[in-house]
Amino acid sequence: MVVAIEWLNEPNPHIRLIDQTQLPHNEVYLEITEVDELVRAIQVLAVRGAPALGAAGGLGVPLAMLQAEREGWSAHELEENIRKIRDARPTAVNLAWGADRVDAVREEGFAAALAAALLIVEEDEAANRALSRHGADWILARTGKDRVRVVTHCNTGALATSAWGTAYGIIHELHQRGALELVYVDETRPLLQGSRLTSWELTQDGINHVVQVDGAASSTILRGLADVAIIGADRITANGDTANKVGSVALALACNYAGIPFMVAAPYSTVDLDTPSGDHIHIEERGSEEVLNFAGASVALEGTPVFNPAFDVTPHDLVSAIATERGIVEPASSPDPRVMA
Ligand code: MRU
C-alpha cells in the first residue's frame, strides 16, 4: 500500500510526500523541510484528500518548530507559519483540525508535538479500517446482495489518507470478502483524481473496475448498473450535510431517484460539529486554468470566464448512511438536527 505522507528522521527530520500531481505515470517523492514547501504541496494537491490533509496539518507543526529554531523565528512568526499551514485550503476540516490538535501541545516541546502528530497518522489508519468494516456490513445488509456494483467519485484511497482509505477502504473490504462485482470510477474532472489516482490504486490492489466520465455516472445509476454509491467527505456538518469533491451531489440525486443507497465514508475527524449545516461550509474555488486545460493542453479560448468550485454539498436528506469508525448513522431517515453528535 502506498504511503501518501510520513515523517522521516533521516538524513534530517522532514515530511515525505508522494507527489500526487505526477501520478500515475511518475512516482516522485517530495522531501519537505520548510513550511512554504508544505503549503505549496497542499495548494497544488501534491498531498490531498481530507484525512491526508489532517496528517499534513499535524506534521506541519513540528516541521514549523524545527524551522523556527533553525531560522531564529519569534513566537509570533512561528504562530503565523502554523496558521499558513492550517489555512492552506479551506474546505477539508481535517487540515485545521490536525494543525490545531498538535498546536495545542506545542508548549510541551518538540517531542510532544511530534508524538501528537504521529498519533493522528496512527489513529487515521485504525479509523479507516473500522469504518470500512461498518460500511461493508451495512451495504450488504441494506442491498441484500452477495456481490455489489459500486459507483465512486474522486480518490479516497491510501493516497487520500494516512493508510487504507475511506470509501475506497469499504470497496477494498467488500473485495476482500468476495462481495464486490465491479467499481465504476468517475474520472473526476477537472483534476482527474478518479482516473489518475483511484484507478491506479485499484489496479495495484487487483480490484475489478472501469473508469467512466463524470457525466455518465447518473445514467449508470438510473440504468440499474450499480447497487450503491460510496464517496468520501471533506467536511460533515452536525446535521449530516456533506462537502465532497464537486460532482458528488449529482450521484446523491441519482441514487435517490433510483432508490439505491448513497453512502458517505469518513473518519470522525472529518465531522465538524461546530458547523450546523452545509450552508455554512466554505467551498474552495480554484483557478480557471484547471477547467480551461485538459492534461496540460488548452481546450478553450484563453480568457474564457470560469466557475471552478472544487467541492459541492450533499444535503443530509440525500445521504442514506454515513460510516465512521464509531459506526453508521442514517441522516436521511433521522429527525435529529445534530445526527452526527
Ligand atoms: O481536492 P481534493 O483532491 O483534495 O478532494 C478530495 C476529495 O474530495 C476526497 O474525496 C475527500 O477528501 C475524501 S478523502 C478520503
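Let me start at the ligand, where one of its oxygen atoms lies 2.5 Å from an N or O atom in the side chain of Arg48; please keep in mind throughout that this is a predicted model. Two further side chains make comparable approaches to ligand oxygen: a polar side-chain atom of Arg89 is 2.8 Å from an oxygen atom of the ligand, and an N or O atom in the side chain of Gln193 is 2.9 Å from one. Taken alone, the ligand would expose 410 Å², and the protein buries 100% of that area. The space that the ligand takes is the largest cavity.

Turning to what surrounds the ligand, there are 18 residues, of which Arg48, Ala50, Arg89, Gln193 and Lys245 come nearest. By class, this shell has 7 nonpolar, 7 polar and 4 charged residues. Helix H2 (50-71) and strand E9 (242-245) are the elements that give two or more residues to the shell, while domain 1 (5-123) and domain 2 (133-333) each supply at least three.

I would also like to go through some backbone details. Most residues other than glycine have a negative phi, and most peptide bonds are trans. Leu45, however, is not a glycine and has a positive phi of about 70°; Leu45 sits in the loop between helix H1 (35-43) and H2. The peptide bond from Glu10 to Pro11 is cis, with omega near -5°, and Pro11 belongs to the loop between strand E1 (5-8) and strand E2 (14-18). Arg189 and Pro190 are likewise joined by a cis peptide bond, with omega about 0°, and Pro190 is in the loop between strand E5 (180-186) and helix H7 (193-204).

Terms used
Residues numbered from 1 in each chain as written. Predicted model: local features only at pLDDT ≥ 70, side-chain atom pairs only at ≥ 80, totals over all residues. Heavy atoms only, no water. Near = heavy atom within 4 Å. Polar contact = N/O pair within 3.5 Å; in protein donor to acceptor, adjacent residues only side chain to side chain. Areas by Shrake-Rupley, 256 points an atom, 1.4 Å probe, with all protein chains shown as cover. 1 Å grid on protein atoms, 1.4 Å probe; cavity = no way out; pocket = protein on both sides within 12 Å on 5 of 7 lines; lining within 4 Å. Sits in = over half its atoms within 2 Å of the grid points. Helix = DSSP H or I, 4+ residues; strand = E, 2+ residues; numbered from the N terminus. Nonpolar A, V, L, I, M, F, W, Y, C, P; charged D, E, K, R; others polar. Domains from an automatic or database assignment.
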